[in-house]
Protein chains: 2
Amino acid sequence: MENYMQDAFLPLRDVVFKTLRQAILTGELKPGERLMEIHLANKLGVSRTPIREAIRQLELEGLVIMVPRKGAQVASITEKSLTDVLEVRLALEKLAVDLACRRINYEQKERLKETLLAFEALAETDDAGQIARADVAFHDAIFDATGNMRLGQMVNNLAEQMYRYRFEYIKDRSGHRKLVEEHRLIYDAIISGDVETATKEISVHIKNQEASIIKKIRSEEGQG
Amino acid sequence: MENYMQDAFLPLRDVVFKTLRQAILTGELKPGERLMEIHLANKLGVSRTPIREAIRQLELEGLVIMVPRKGAQVASITEKSLTDVLEVRLALEKLAVDLACRRINYEQKERLKETLLAFEALAETDDAGQIARADVAFHDAIFDATGNMRLGQMVNNLAEQMYRYRFEYIKDRSGHRKLVEEHRLIYDAIISGDVETATKEISVHIKNQEASIIKKIRSEEGQG
DNA sequence: TCTTTGTATATTGTATGCAATATACAGTAT
DNA sequence: ATACTGTATATTGCATACAATATACAAAGA
């Protein structure tokens, strides 16, 4: 936790922000858990000021919720909040592939192909972390092709809020073949400029994720 | 009344945040202008701490940009950043009217009608501030009908980034008739559940705004 | 026993002090 | 005159002290 030397050039508030975000997304900090400033400051070896500023950012990202005079706690994901987020995310992912179909250039096609092949190769392995990163890289290549950076930022922010459950649909290898197939269909559609197929396939892709995450949430509610 | 009580207990950082945002959106603080903590603290009669926290929020909202160790300055809107934002906003506004068509209930229809009539009445006047608020109320009623709060938040955040130019298409009374007509078409489509017409008309509505804002930006660039 | 109230403690909200860094400007050398 | 450099100033980054408020818990009364 105290190894922020590697990012020594960054402001402490950003280091703290990244540290806390990571802790939330990996489940080290669990939904509902309170984020107490003094405690975190001691743990990370900094003062309360950068902790406070980091918590404010996390709030804006939707990862924590703040109650005035009571402090912050890790946001808990309800099925409703998840479907709300996914409803918006689906619309933006569709927009992204639509724009990508129309605007992608040669270099971007090359890069998209690289990320696709990297993902396919990693899908044969069991390294869930690497697979997750390759998945992000593929989608980032699509956003890059849209030429609209803000769109990519917004979708990444929405996607981040369900990273806590991302491993669920990556863990079981039976799903890998399906993921690879979905990516391939999206890729082919974008390369050939087929807007209709691209938006249809990205919808399938997102909805499959939604289904597996909701399944996970329900099972957690069942036992919790 | 409730609002008054809440405002009285609102943390200073939120008061400062609202104050600075208002100053930016009204043009009192101009693009490129530096936001210096001590200066603002003296001006608003508070310490630097709530100023800092407010500036961080403004950064996350895209209204200011921060340079490490140099401070914050009011974000300047380029034509590219504006079209990027509007591209995303259009997709989300379409999603909103789509969902509203399918999900709106009786009370929400009543409220939507009220906001429509209020806007139509105010469009006859010259009070640009009131007209702007009525416009926001109408769109908020649509978001309310979607049942997806997050969608409304996100669109409002995007819309906020062009409030600086909002008065441009409200000021000239010749445009009022067009605005009223557009609202009416959107309203009718939502009430009758006509998804196709609703999304088409909201597109027209947004694109008209885009055109007038871009016109304004270009004229500013010309003289500035 | 249950409720209420008072008090001690914990925690956040705000102000301020100090250190690190950037900026501005004068003075000097070329 | 111009470029460079050193110093003073301005400004942010971080830490800490103090104030305001919420929380927990115990004691007292119904």
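Here are three short exercises, with worked solutions, on how chain A and chain B meet in this predicted model.

**Exercise 1.** Find how many residues of each chain are in contact, and how much area the two chains bury between them.

*Solution.* Start with the residues: 27 of chain A are in contact with 27 of chain B. Next, take the area: the chains bury about 2400 Å² between them. Carbon and sulfur atoms account for 57% of that area.

**Exercise 2.** Work out which charged and polar pairs link the chains, and which helices of chain A supply residues to the side that touches chain B.

*Solution.* Begin with the salt bridges, of which there are six between chain A and chain B. One of them joins R56(B) to E53(A), with the closest N and O atoms 3.7 Å apart; this pair qualifies because the cut-off is 4 Å. Then turn to polar contacts: 12 residue pairs make them across the interface. Now look at the helices on chain A's side: α3 (48-60), α4 (79-103) and α7 (149-160) each give at least two residues. The largest share, 10 residues, belongs to α4(A). Finally, sort the residues on this side by type: 13 are nonpolar, four polar and 10 charged.

**Exercise 3.** Determine what turn and shift lay chain A on chain B, and what kind of axis relates them.

*Solution.* A turn of 180 degrees with a shift of 0.3 Å along the axis lays chain A on chain B, with an RMSD of 0.2 Å. The chains are therefore related by a two-fold axis. As a last step, compare the surfaces: 93% of the contact residues of chain A recur in chain B, so the same surface serves both copies.

Conventions. Residues are numbered from 1 along each chain as its sequence is written. Chains are lettered from A and ligands numbered from 1 in the order in which they are written. This is a predicted model: local features need pLDDT of at least 70, side-chain atom pairs count only at pLDDT 80 or more; totals for chains, interfaces and linings use all residues. Side-chain values use heavy atoms; hydrogens and water are left out. Contact means heavy atoms within 4.5 Å. Buried area is the accessible area (1.4 Å probe) that two parts lose on being put together, summed over both. A salt bridge is a side-chain nitrogen of Lys or Arg within 4 Å of a carboxyl oxygen of Asp or Glu. A polar contact is a pair of N or O atoms within 3.5 Å; within protein, one must be able to donate a hydrogen and the other to accept it, and residues adjacent in sequence count only if both atoms are side-chain atoms. Helices (H or I, at least four residues) and strands (E, at least two) are DSSP runs, numbered from the N terminus. Ala, Val, Leu, Ile, Met, Phe, Trp, Tyr, Cys and Pro count as nonpolar, Asp, Glu, Lys and Arg as charged, and the others, Gly among them, as polar. Copies are superposed by least squares on the C-alpha atoms of residues with pLDDT of at least 70 in both.
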